[in-house]
Amino acid sequence: MLSRREAELCAVGCVCGAVITALAPRVRHLFSRRVALKRRELPSSPHELFQRWLREAEARDGVRARALVLATSAPDDGATARYVLPHSFGDPIILGTNIRSQKARQLLVDGRCELVWRDGDRQVRIRGTAIVAGAADARSLQTFANLAPPRRWGVELLDQGRPIDDEAHDALLRRYETEFNPNNLTACPDNFTAVAVTPATIEFFQGGHPAYINDRFLYVRDQADPTTFNLLARLQA
Ligand SMILES: Cc1cc2nc3c(=O)[nH]c(=O)nc-3n(C[C@H](O)[C@H](O)[C@H](O)COP(=O)(O)O)c2cc1C
């Protein structure tokens, strides 16, 4: 039988153990990240390096570590940016959105865009051109089919970006609670589209140096063989 004091010490020990276990991967990650990048050690494919960084971030922070900021612009409203969570990180990168959203509208006017990913001191900038596929396109059908059932249901009901008052918003939540049925899902609605971003350049930045003497590398798509990229340069950070 433990005394009250011993029981308290045991409880404190358990809490400390749990905290150390939870923090260990983050602390280890902070130290491992200080390893400087050398040009000769980088893979020839920027996708390989990006996948590696994504895997490391995802192992620590879960799937949301894969979110990127998508920057678009069009003459009417200028530059805008928002997070997206791509469905596929192949070439092109595919994401899903509402076809009447600001991002989709801007990309239909000017497909040039940039995706920016960040994990701690690491940043990846993907500059390229996007195609807004449209609801009937196979890429949209596939992207919609890959959504989890509640998301498919929500995508169909939501009119992304349109103002809504509290009552109508609450009514949508109630409809979800009472009507959503994972066994009764509809096909890809007209308001959904895949956006396919084909990178022209992919830039990797790894910071953390006290004097900003950081690592920055630029890959550029090969003009003659568009299936490959060339590691063009180390840039000053
Ligand atoms: C982590 C995260 C991931 C997101 N992923 C998406 C996405 O994949 N597609 C999307 O349409 N909106 C996504 N959103 C919401 C957008 O950031 C944005 O609010 C919404 O798409 C409207 O943007 P727009 O009006 O500028 O087009 C995400 C938001 C966050 C915070």
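In this predicted model, strand E2 gives the most to the shell around the ligand, with four residues. That shell holds 15 residues, and those that come nearest to the ligand are Arg82, Thr97, Ser101, Gln102 and Lys103. Two or more residues of the shell are supplied by each of E2, E3 and H3. By character, the shell divides into five nonpolar, seven polar and three charged residues.

## Overall arrangement

The protein chain contains six helices and eight strands. Along the sequence these elements follow the pattern α-α-β-β-β-α-β-β-α-α-α-β-β-β. Of the 237 residues in the chain, 21% are buried. Among contacts in the chain with a separation of 6 or more, 61% join residues 24 or more positions apart.

## Helix H3

Helix H3 spans residues 102-109, and its buried residues are Lys103, Ala104, Gln106 and Leu107. These residues lie on the same side of H3, because they cover an arc of only 165 degrees around the axis. An α-helix has 3.6 residues a turn, so residues three or four places apart point the same way. The buried residues of H3 pack against six strands: E1 (68-74), E2 (78-84), E3 (93-98), E4 (112-119), E5 (122-132) and E6 (192-206). Lys103 thus appears in two settings, as one of the buried residues of H3 and as one of the residues that come nearest to the ligand.

## The nonpolar core

The largest nonpolar core has 29 residues, of which Leu115, Ala130, Val132, Val195, Ala196 and Val197 touch the most other members. The elements that give two or more residues to this core are E1, E3, H3, E4, E5, E6 and E7. E6 gives the most, with seven residues.

Valine 132 offers a local view of this core. Apart from its neighbours within four places in sequence, valine 132 is in contact with Ile99, Ala104, Leu107, Leu108, Thr193 and Val195. Of these partners, Ala104 and Leu107 are among the buried residues of H3, while Val195 is listed with valine 132 among the core residues that touch the most other members.

## Strand pairing

The following strand pairs run in the antiparallel sense.

| Strand pair | Bridges | Example of facing residues |
|---|---|---|
| E1 and E4 | three bridges | valine 69 and valine 116 |
| E4 and E5 | eight bridges | tryptophan 117 and valine 124 |
| E6 and E7 | six bridges | isoleucine 202 and tyrosine 219 |
| E7 and E8 | five bridges | leucine 218 and alanine 233 |

E4 therefore pairs both with E1 and with E5, as the bridges between these strands define pairing. Likewise, E7 pairs with E6 and with E8. Strand E7 covers residues 215-221, and strand E8 covers residues 229-234. The hairpin of E4 and E5 has two residues between the strands, and glycine 120 there takes a positive phi near 60 degrees.

## Valine 84

Valine 84 is placed in strand E2. It is partly exposed, because 18 other C-beta atoms lie within 10 Å, whereas a buried residue would need 20 or more. Not counting residues up to four places away in sequence, valine 84 touches Ala67, Leu68, Leu70 and Leu95. Alanine 67 is 17 residues from valine 84 in sequence, yet the two are 5.6 Å apart in space, C-alpha to C-alpha.

## Backbone features in two loops

Most residues other than glycine have a negative phi, and most peptide bonds are trans. Two loop positions depart from these patterns, one at proline 92 and one at tyrosine 212.

The peptide bond from aspartate 91 to proline 92 is cis, with omega near 10 degrees. Proline 92 is found in the loop between E2 and E3.

Tyrosine 212 is not a glycine, but has a positive phi of about 60 degrees. Its place is in the loop between E6 and E7. Tyrosine 212 counts as exposed because it has 9 C-beta neighbours inside 10 Å, and the limit for an exposed residue is 12 or fewer.

Key
Residues are numbered from 1 along each chain as its sequence is written. This is a predicted model: local features need pLDDT of at least 70, side-chain atom pairs count only at pLDDT 80 or more; totals for chains, interfaces and linings use all residues. The arc is that of the directions from the helix axis to the C-beta atoms. Two residues are in contact if their C-beta atoms, placed from the backbone, lie within 7 Å. A residue is near a molecule or strand if its C-beta atom, placed from the backbone, lies within 6 Å of it. Ala, Val, Leu, Ile, Met, Phe, Trp, Tyr, Cys and Pro count as nonpolar, Asp, Glu, Lys and Arg as charged, and the others, Gly among them, as polar. A nonpolar core is a set of buried Ala, Val, Leu, Ile, Met, Phe, Trp, Tyr and Cys residues joined through C-beta atoms within 7 Å.
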